[in-house]
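Student: I have a new model open and would like to go through it with you. Shall we take it one question at a time?

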Amino acid sequence: MWFYRFARRAIALGCAVVLSGTMAAAAYAADPPLTLQAAIQQGMAQAPLLMAHHAHVASMHEEAVRAGRLPDPTLNFGVQNFPITAPGAFSVRSDPMTMRVVGVTQALPSRAARSADREAADAEIKAADAEGADTIQSIQERIADAWIDLWAAQQKRALLSELHAENALAVQIAQARLKGGSGSATDALAVRAETAALDNRLEAADADIAVAQAGLQRWLGHTATNLGDAPDFGKLPVTPEHLEQAVDQQAPMQMWEAREQVAQAALDRARATKHPDWSVSFLYGQRAGPLSDMVMVEFGVSLPLFTRNRQDRAISAKEEQWEAAQDNREDARREQRAVVARTVASWQGWVRQIQRYQDTMLPLDRDRTKTALAAYRGGDALQPWLDARRDEIELRQTYVDALTARARLWASLAYLLPTSEAMP
C-alpha cells in the first residue's frame with residue numbers, strides 16, 4: 001500500500017511541475033517583446049530623477065503663490081513717555097503723558113517691486129521647466145543607450161552563433177581527412193582550437209548580454225530578455241535640416257533661455273528699488289486716570305535720493321549679468337548647432353559604412369570562408385580557411401560596433417526635440 005501512495009504523490013508532484021512549467025512558458029510567450037519606445041515609456045514612468053523634478057516644480061509653484069504679496073504686519077506694544085527720574089520715576093501713573101501703547105505696522109512695497117517679485121517667481125518656474133526638459137531628454141537618451149547596449153550584445157551573439165555550425169563541419173572534415181590519410185593531426189588540432197576560440201567569444205558575448213541586461217534593469221526595474229525589433233537607425237525621425245532650424249527648441253538650449261529670463265527678472269527687481277516703498281502704522285495709547293486715550297496713525301516712505309552709489313550700482317551689476325546671459329546663450333546656440341552638425345555627419349558616415357558592410361564586405365568574407373573550406377575539403381591547405389574565418393569573425397564584431405555607434409548617434413539626435421514630432 002505504501003508503494004501506491006508514494007506513486008500517487010510522485011505523479012501528482014510531476015503533474016504540478018509540468019503544469020507550472022507550462023504556465024511559466026505561456027506567461028513568457030504572452031510577454032510582448034520590449035521595443036525601444038516601450039522601454040523608454042516604462043523607464044520614464046518610474047524614473048526617480050523625473051519624480052524628483054516634478055517635486056521641485058511643485059515647490060516652485062508653491063513659492064510663486066506668495067511672490068508679490070504684502071509682508072506680514074508687525075505688532076507693536078510697549079510704554080511711551082515713561083519717567084525714569086524723580087519725581088514719579090518708574091511709575092506709569094505719575095505722569096499724565098505716560099501711555100501703554102499697542103499697534104500694528106504694515107509695510108507697503110512699491111507696485112514695481114511686487115511686480116518684479118512675481119516676474120522673478122515666474123522666471124524660476126520656467127527655469128525649472130527647462131531643467132525638466134533637459135532631464136527628460138537625458139533620461140530618454142540614457143534608456144535608449146541601455147536598450148541599444150542589450151540589442152547590440154544580442155546582435156553580436158547571433159552573428160557569432162551563425163558560424164558555429166561551420167566550425168563543427170570543419171572539425172568533421174579535418175577528422176575525415178586525418179582518418180583517410182590526406183590530413184594531418186596538426187590541422188585537426190588547429191580546427192579544434194579555432195572552435196574553442198569561437199566558444200570563448202560566445203561566452204564573452206553571453207557575459208556582455210548579462211551586463212547590458214543589468215544596465216537596462218536600472219531603468220526598468222526588471223530584467224528584459226525578449227527585445228522587440230529595433231527602429232530603423234538608418235533614418236532619423238526628424239530631418240537634419242529641421243534639427244538645425246529648431247536649435248532653440250532643443251532641450252539643452254531651453255535652459256539658456258530660462259537663465260536669460262531669470263537674469264531679466266533680477267534686473268527688473270533691481271530697477272524696482274528706485275521706486276519708494278511705503279508703510280503705515282496705527283497705535284493705540286492708554287493713559288492712566290481720567291485722561292483720554294490716544295491714537296496715532298503714521299505713514300512712512302523710503303527716499304531713494306542718493307542712488308548713484310546704491311541702487312544704480314546694483315542695477316548696473318544686474319545689467320551686466322543680463323548681457324552675460326545673452327552672450328552665453330548665443331555661444332551655447334552656436335555650440336549646439338555645431339554639436340548637431342557633427343553628430344549628423346558622424347551618423348551619416350556610419351550609415352554609409354554599414355551599407356557597405358551589408359552589401360559588399362560581409363558577403364565577400366562569407367564567400368571567401370566558404371570557398372576556403374570547400375578547397376580544404378577538396379585537399380588544399382587548412383591555413384586559408386583559418387585566416388578567412390578569423391578575418392570574418394573580426395569583421396562581424398567590427399560590424400556590430402558600427403551598428404552600435406550608429407544607433408547611439410541616432411538616439412542622441414532623435415530625442416533632442418521634446419515634442420511628439422521627435423519621437424520615433
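**Salt bridges, sheet and hollows**

Tutor: Happy to. At 30% relative accessibility, Glu330 counts as partly exposed. Keep in mind that this is a predicted model.

Student: Which residue meets Glu330 in a salt bridge?

Tutor: Look along helix α9 for a residue about one helical turn away, because the two partners are four residues apart there. The partner counts as exposed, at 57% relative accessibility. The side chains meet with 3.2 Å from N to O, and the residue is Arg334.

Student: Is Arg329 buried or exposed?

Tutor: Start with its partner: Arg329 forms a salt bridge with Glu260, with the closest N and O atoms 3.0 Å apart. The pair links distant parts of the chain, Arg329 in helix α9 (residues 311-377) and Glu260 in helix α8, 69 residues apart. Glu260 has a relative accessible area of 14% and is buried. For Arg329 the relative accessible area is 16%, and under 20% the term is buried.

Student: How many residues apart in sequence are the parts that Arg269 and Asp117 tie together?

Tutor: These two form a salt bridge whose closest N and O atoms are 3.2 Å apart. Both are partly exposed, Arg269 with a relative accessible area of 41% and Asp117 with 29%. Arg269 lies in helix α8 (residues 251-272) and Asp117 in helix α4, so the parts they tie together are separated in sequence by 152 residues.

Student: How many salt bridges does the structure hold?

Tutor: Some of them share partners: Glu162, Glu166, Arg366, Arg389, Glu392 and Arg396 are joined into one network in this way. Each bridge needs a side-chain nitrogen of Lys or Arg within 4 Å of a carboxyl oxygen of Asp or Glu. With that cut-off, the number of salt bridges is 22.

Student: Which helix gives the most to the lining of the largest pocket?

Tutor: The pocket encloses about 220 Å³ of space. Its lining includes Met60, Glu63 and Ala64, as well as Asp117, Ala120, Ala121 and Glu124. Two helices, α3 (48-65) and α4 (111-161), each supply at least two residues. The one that gives the most, with four residues, is α4.

Student: How many charged residues are in the lining of the largest pocket?

Tutor: Among the lining residues are Arg66, Arg69 and Arg269, along with Asp117. Arg269 and Asp117 are also salt-bridge partners. By class, the lining has five nonpolar residues and one polar residue, and the number of charged residues is six.

Student: Which strands stand at the edges of the sheet, and why is one side of each left without a neighbour?

Tutor: The sheet is open and has four strands, paired antiparallel in the order β1-β2-β3-β4. A strand at the edge has a single partner, so one side of it has no neighbour in the sheet. The two edge strands are β1 (74-80) and β4 (294-301).

Student: What does the twist average from one strand to the next?

Tutor: Follow the strands in their order, β1-β2-β3-β4. The angle is taken between neighbours in turn, from one strand to the next, and averages 20 degrees.

Student: How many bridges join β2 to β3?

Tutor: β2 and β3 run antiparallel, and one pair to find on screen is Ala107 opposite Ser279 in β3. On to β4: eight bridges join β3 (residues 278-287) to that strand, with Leu283 opposite Met296 and Gly285 partnered by Met294. Between β2 and β3, the number of bridges is ten.

Student: Which residue takes a positive phi in the hairpin of β3 and β4?

Tutor: The place to look is between the strands, where this hairpin has six residues. The phi in question is near 70 degrees, and the residue is Gly289.

Student: Which elements give two or more residues to the lining of the largest cavity?

Tutor: There is one cavity of 30 Å³ or more, and the largest holds about 30 Å³ of space. Val92, Thr98, Met99, Arg100, Gln286, Arg287 and Ala288 line it, and they divide into three nonpolar, two polar and two charged. The elements that give two or more of these residues are β2 (99-108) and β3.

Key: Residues numbered from 1 in each chain as written. Predicted model: local features only at pLDDT ≥ 70, side-chain atom pairs only at ≥ 80, totals over all residues. Heavy atoms only, no water. Pairing = 2+ DSSP bridges. Axes fitted to C-alpha atoms, helices over the stretch in contact; angles between N-to-C directions. 1 Å grid on protein atoms, 1.4 Å probe; cavity = no way out; pocket = protein on both sides within 12 Å on 5 of 7 lines; lining within 4 Å. Points joined across faces, edges and corners; volume = space filled by probe spheres on them. Nonpolar A, V, L, I, M, F, W, Y, C, P; charged D, E, K, R; others polar. Buried < 20%, exposed > 50% of the residue type's maximum accessible area, 1.4 Å probe, protein only.
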